[in-house]
Amino acid sequence: MVRKMIHILTGWARSLGLLSTADPLKKLSELRLKLCGECDFSRSSTTLEIINGTMKKESGLFCTKCHCPCKQKSLVLDETCPIKRW
Ligand code: SF4
């Protein structure tokens, strides 16, 4: 439970630029998101994010299998796909 909370906070902090993301992890995230984009379990979603003090609508993918936002999940190294695609 605590581990999952740390993953959620880490993924959101990285996606908002509050935590730095190393280049290899950025590349890994891109590969993971490509697989999510081709997956039958992904759906388009819209979230509200505060970027530089301004609230904006951001489009992305949401996994209907694990109920996680794909971008944030992809930015956590030891997260895994629930159907083992990545
Ligand atoms: S995490 Fe896995 S199951 Fe979920 S959308 Fe991505 S590829 Fe599909």
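Of the 86 residues in the protein chain, 28% count as buried, where buried means under 20% relative accessible area with a 1.4 Å probe and protein chains only. The model is predicted, so that local features need pLDDT of at least 70 and side-chain atom pairs count only at pLDDT 80 or more, while totals for chains, interfaces and linings use all residues. Residues are numbered from 1 along each chain as its sequence is written, and side-chain values use heavy atoms, with hydrogens and water left out.

Start with the protein chain in cartoon view, and follow the elements from the N terminus as α-α-β-β-α, helices being DSSP runs of H or I with at least four residues and strands runs of E with at least two. The C-alpha trace spans about 35 × 30 × 25 Å along its principal axes.

Next, select the ligand together with Cys-36, Cys-39, Ser-42, Cys-63, Cys-81, Pro-82, Ile-83, Arg-85 and Trp-86, which surround it, each having a heavy atom within 4 Å of the ligand. By class, this shell comprises seven nonpolar residues, one polar and one charged; Cys, Pro, Ile and Trp are among those that count as nonpolar, Arg is charged, and residues outside the nonpolar and charged lists are polar.

Then select Cys-36, which counts as buried because its relative accessibility is 9%. Add Cys-70, which is in no disulfide and whose nearest cysteine sulfur, that of Cys-36, is 3.9 Å away, a disulfide being a pair of cysteine sulfur atoms within 2.5 Å. Cys-70 likewise counts as buried, at 2% relative accessibility, and the structure as a whole holds zero disulfides.

Technical notes:
Buried means under 20% relative accessible area, exposed over 50%, partly exposed in between (1.4 Å probe, protein chains only).
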